[in-house]
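The following note was prepared at the request of a colleague who asked for a point-by-point reading of the structure. The points move from individual loop residues to helices, strands and the chain as a whole.

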Amino acid sequence: MPAVDISPQQNKGVLKEIVKEGIGNDIPPHGCTVQVHYTGTLLDGTKFDSSRDRGQPFEFSLGKGSVIKAWDIGIATMKTGEHSILTCAPEFAYGKSGSPPTIPPNSTLLFDVELLGWKGEDLSRKKDGSIERITITPGEGFSTPNDGSLVEVHIVGKLGDNVLEDRDVLFYLGEGSEENILKGVEIALEKFKKGETSKLKIHSKHATGNDNLNLSNIPKDSYLEYVVTLKNFEACKESWALDYEEKVKQAKLFKEKGTNYFNQQKYDLALKMYKKVVEYLAKEDPVQMNEEGSSVLLSAYLNQSLCYLKTQDYYSARSSASEALLMSPNNEKAFFRRGKANLELGEPELASGDFMQCLKINPNNAAAKTKCALCRKKVKEQFESMKKVYSNMFDKFVKMDTQREEIELKNQPNIMSSVGEWGAEDREREPSEFERENPDILLLNKTGEFKDM
């Protein structure tokens, strides 16, 4: 098949000659990961590089500028299994620099390329391939939605041939569960551009957030397929882009949202809102912060601590309460919540100190009195438990010392048997009757008198 000019300006910058047709009609979309084998030569046939010689296919993200322009252009036109020759003019290859060193400046290059396969762009946060995107229609511009953006989307979800949902929806990114948006879709939308339509392959572990769908019976390690169009979005302003008054206004909105979510027992969403308050206000100079801003921030720390207690994250509950106490050293709620966290963490003495502080601030706090009594009981239980542990340890050490002494005694030589016993070599005469009766006590000389011991 004759070479075809596939360069965008039709200026013969990239010529493609198909040696072997590929399979099917699909071509790799922008952003996907392609796998190829190639051999690169100069026009005179001098080979300068080859993945085939290395026995290792080459992978790269298509359209991201990680390879020469001719490859991003040429491989985007190939089908799986296709084998083609790409003729690349210098301006679409390495240009005047001639990099790498084996390629002279202003060289036209030939690449014998085979497209082995491709997979969608990995949008998962852990880069484990659990959310893949295949772009159908590229979006416009460079902006993408951030957390808190108001997004307008159309979604079509499938599991195999079964259509799960087909609808338009408007929601705040990060709060998608309120509109039954799948978690995997929310994560992917952070990378979408306005007007983009993409096909998403979503692992079952991200199939949460939609209470309308019966997703509990999805087979483990299966994938859902979603086609998502981001019709429009309004980005949430980052905190650095706001002045102080705007930050306080936005923080109050987040606080109200958090309280609503808390009252609905949606603690994860409530925490998300309270963290937003902290993000907007915590870095402000305390001296410059007015009473309204301080009050909103203090409430966020206190409510964070309460949410963490509800979700049994006691370390974080303690930390948030401590942050509140830095702002308000005599805050009864902060001491009480930190005390509860310390008690759950097995620190009754610390907890007791917190509850005692509560009673100093408010002697009529019945809950703090009850907790103090519980702390005393826990401290006593810990003391008895430790006493038992140390007692057992002492008994164990005594037993070990006794065993060691017995072993040492056993290994010592028997002095009486090795020194005082009559041996044949010691006898110059027959032993007397006394000597026969007491062989291990006395040594006598040949006259029958005592030896000097």
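1. Q312 in this predicted model is classed as exposed, because its relative accessibility of 57% lies over the 50% cut-off. The residue belongs to the loop between α6 and α7, the latter covering residues 314-327. Its backbone also deserves attention: phi of Q312 is near 65 degrees, a positive value in a residue that is not glycine. Most residues other than glycine have a negative phi. The position of this conformation is just after α6.

2. Q265 invites a parallel reading. This residue sits in the loop between α4 and α5, and its phi is likewise positive, at about 65 degrees, although Q265 is not a glycine. Is Q265 buried or exposed? It counts as exposed, because its relative accessibility is 58% and the class begins over 50%. In space, the C-alpha atom of Q265 is separated by 9.1 Å from that of K310, a residue 45 places away along the chain. K310 is the last residue of α6, which runs over residues 291-310.

3. Helix α6 may be checked against ideal geometry. With 20 residues at 1.5 Å a residue, α6 should span 28 Å; the distance between its end C-alpha atoms is 29 Å, and the two values therefore agree. At the start of the helix, a side-chain oxygen of N290 comes to within 3.3 Å of the backbone nitrogen of E292. How many residues of α6 are buried? The count is 14 of 20, so that the helix is mostly covered, buried being under 20% relative accessible area.

4. Helix α5, at residues 267-281, can be treated in a similar way. Its 15 residues reach 21 Å from the first C-alpha to the last, close to the 21 Å expected at 1.5 Å a residue. The helix is mostly covered, with 11 of its 15 residues buried. The buried set includes Y267, L269, A270, L271, M273 and Y274, and towards the end of the helix it also includes V277, V278, Y280 and L281. K276 is likewise among the buried residues of α5. Which helices help to cover them? The cover includes α4, at residues 244-263, and α6.

5. The record adds an annotation to this part of the chain. An unreviewed UniProt entry assigns "repeat: TPR" to residues 251-284, 298-331 and 332-365. In the model, residues 298-331 are 79% helix and 0% strand, with end C-alpha atoms 10 Å apart. For residues 332-365 the composition is 79% helix and 0% strand, and the end C-alpha atoms lie 9 Å apart.

6. Two strand residues illustrate contacts across the sequence. L164 lies in β11, residues 162-172, and is partly exposed, because its relative accessible area of 21% falls between the 20% and 50% cut-offs. Leaving aside residues up to four places away in sequence, L164 touches G157, K158, L159, L213, L215, L224 and Y226. The C-alpha atoms of L164 and L213 are 7.2 Å apart, with these positions 49 residues apart along the chain. K20 lies in β2, residues 14-20. With the same sequence neighbours left aside, K20 touches G81, E82 and H83. The C-alpha atoms of K20 and H83 are separated by 4.9 Å, although the two residues are 63 apart along the chain.

7. The cysteines should be considered with the disulfide count. A disulfide is a covalent bond between the sulfur atoms of two cysteines. How many disulfides does the structure hold? The number is zero. C236 is buried, with a relative accessible area of 13%, and C307 is buried as well, at 0%.

8. Finally, the chain as a whole. The chain comprises 12 helices and 13 strands. Of its 453 residues, 40% are buried. The exposed area is about 26700 Å², of which carbon and sulfur atoms supply 51%. Among contacts between residues at least 6 apart in sequence, 60% join residues at least 24 apart; the contact of L164 with L213, at 49 residues apart, is one of that kind.

Notes:
Residues are numbered from 1 along each chain as its sequence is written. This is a predicted model: local features need pLDDT of at least 70, side-chain atom pairs count only at pLDDT 80 or more; totals for chains, interfaces and linings use all residues. Side-chain values use heavy atoms; hydrogens and water are left out. Helices (H or I, at least four residues) and strands (E, at least two) are DSSP runs, numbered from the N terminus. Buried means under 20% relative accessible area, exposed over 50%, partly exposed in between (1.4 Å probe, protein chains only). Contact means heavy atoms within 4.5 Å. Accessible areas come from the Shrake-Rupley method with a 1.4 Å probe; for residues, only the protein chains shown count as cover. A disulfide is a pair of cysteine sulfur atoms within 2.5 Å. The expected span of a helix is 1.5 Å times one less than its number of residues. A polar contact is a pair of N or O atoms within 3.5 Å; within protein, one must be able to donate a hydrogen and the other to accept it, and residues adjacent in sequence count only if both atoms are side-chain atoms. UniProt positions are given in the numbering used here, feature names are shortened, and annotations may be inferred rather than shown by experiment.
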